[in-house]
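Hi,

Here is the structure I promised to pass on. Have a look at it first, and my notes on what turned up are underneath.

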Amino acid sequence: MSEDNLTVPVSAQSTGHKLVKPIVHQVTIGDITSSLKLGTLDFLNAPLIGLGFGAFFMIGGVLVTILSFWVDMSYISYPLACGFLLLGPFTALGLYEVSRRLQAGQTLYLRDLFGLMWELRRGEIAWMAFVVIFIQFLWMFKVHLLLALFLGMKGYGTFIQFAQTIFETSDGLLFLATGHLVGAIFAMLLFAVSVVSFPMLLDTELDFVTAMITSVKVVTGSPVIMIGWGLLITATLMVSMIPAFVGLLVTLPILGHTTWHLYKRVVTYQDA
């Protein structure tokens, strides 16, 4: 399907159905693999949209890294870049809409995606976005807190000096281990509340609290599969950040499209 023939409604939520109760189904490995295949096909069917989304994060990751060096805080470049990726579930709304339209056999125009994002700035999706941003702020606060606790808030002349402190001292190694452990908790929290909540809010008229609860139920209902999926996402993103975040051009849009298809497989609704 040509991207020139692709069209998005002014508000995706206007097409949603008033549904009363989401039903969460058991997630299987087959659900993950099938969703991944469908997500890859969506990327291939609308590559410019996917590459544009990936480019946003690639450029953003590079910029926040450069910024950390520019303000002589190179030691937070890695956690800052990781924190930036936490915005992915919200900014992937455009990708979810592309998958939604492709799955329905409808068409969309690339330029209308920007109108969609602007239209969705209000309402339940806006509240869900606030939750994501709040978790990101907590993420950065966590970094500064652990730096103060383990290393003290002292300056480091270069990134190399900071790396030597991290890898060659006991306090540095403890900071590294604790930082990754706490970071994993934050990442898992965000994953649990957002893995299907944003697609759900785009697809229906349910409130953001119901969407978050449903998302958590998806994870807790199939913990082994979903934690494994979350770890695979994390590993993929980590590898994609090397070098210069270039891999995000492809991996992020595929993961975004995959998220939509996984949501459609594991969440159905009971009519009012």
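Residues 1-17 are where I'd start, since pLDDT stays under 50 over that whole stretch. The model still gives those residues 61 contacts beyond four places in sequence, so to speak on paper. Do keep in mind that this is a predicted model. Across the protein, the average pLDDT is 80, and 77% of the residues score at least 70. Among the helices and other parts, confidence bottoms out in helix α6 (residues 112-119), with a mean of 63, and peaks in α1, at 95.

That brings me to α1 and its partner. Helix α1 (residues 29-45) packs against helix α13 (residues 248-266), with the axes 7 Å apart and an angle of about 130° between them. An angle of that size falls outside the ranges for roughly parallel, perpendicular or antiparallel, so α1 and α13 count as oblique to each other. Their crossing is right-handed.

Which residues make this contact? On the α1 side they are G30, D31, I32, S34, S35, L36, L38, G39, T40, D42 and F43. From α13 come L249, V250, P253, I254, H257, T258, H261, L262, R265 and V266. Sorted by class, the contact of α1 with α13 has ten nonpolar, eight polar and three charged residues.

Two of the residues in that list also pair up through their side chains: R265 and D31 form a salt bridge, at 2.9 Å from N to O. This pair ties together distant parts of the chain, as R265 sits in helix α13 and D31 in helix α1, 234 residues apart. Over the whole structure, the search turned up four salt bridges.

Helix α13 has another neighbour to look at, helix α12 (residues 223-240). The axes of α12 and α13 come within 9 Å and cross at roughly 160°. Angles over 145 degrees count as roughly antiparallel, and α12 and α13 are therefore roughly antiparallel to each other. Here the crossing is left-handed.

In this contact, α12 supplies M226, W229, I233, T236, L237 and S240, while α13 supplies L248, T251, L252, L255, T258 and L262. By class, the contact of α12 with α13 comes out as eight nonpolar, four polar and no charged residues. If you are colouring the model, T258 and L262 are in the α13 list for α12 and also in the α13 list for α1.

Cheers

Methods. Residues are numbered from 1 along each chain as its sequence is written. Side-chain values use heavy atoms; hydrogens and water are left out. Axes are lines fitted to C-alpha atoms, for helices over the stretch in contact, and angles run from 0 to 180 degrees between N-to-C directions. Helices (H or I, at least four residues) and strands (E, at least two) are DSSP runs, numbered from the N terminus. Angles under 35 degrees count as roughly parallel, over 145 as roughly antiparallel, 65 to 115 as roughly perpendicular and the rest as oblique. A crossing is left-handed if the near helix is turned anticlockwise from the far one by less than a right angle, and right-handed if clockwise. Contact means heavy atoms within 4.5 Å. Ala, Val, Leu, Ile, Met, Phe, Trp, Tyr, Cys and Pro count as nonpolar, Asp, Glu, Lys and Arg as charged, and the others, Gly among them, as polar. pLDDT is the predictor's confidence in each residue, from 0 to 100.
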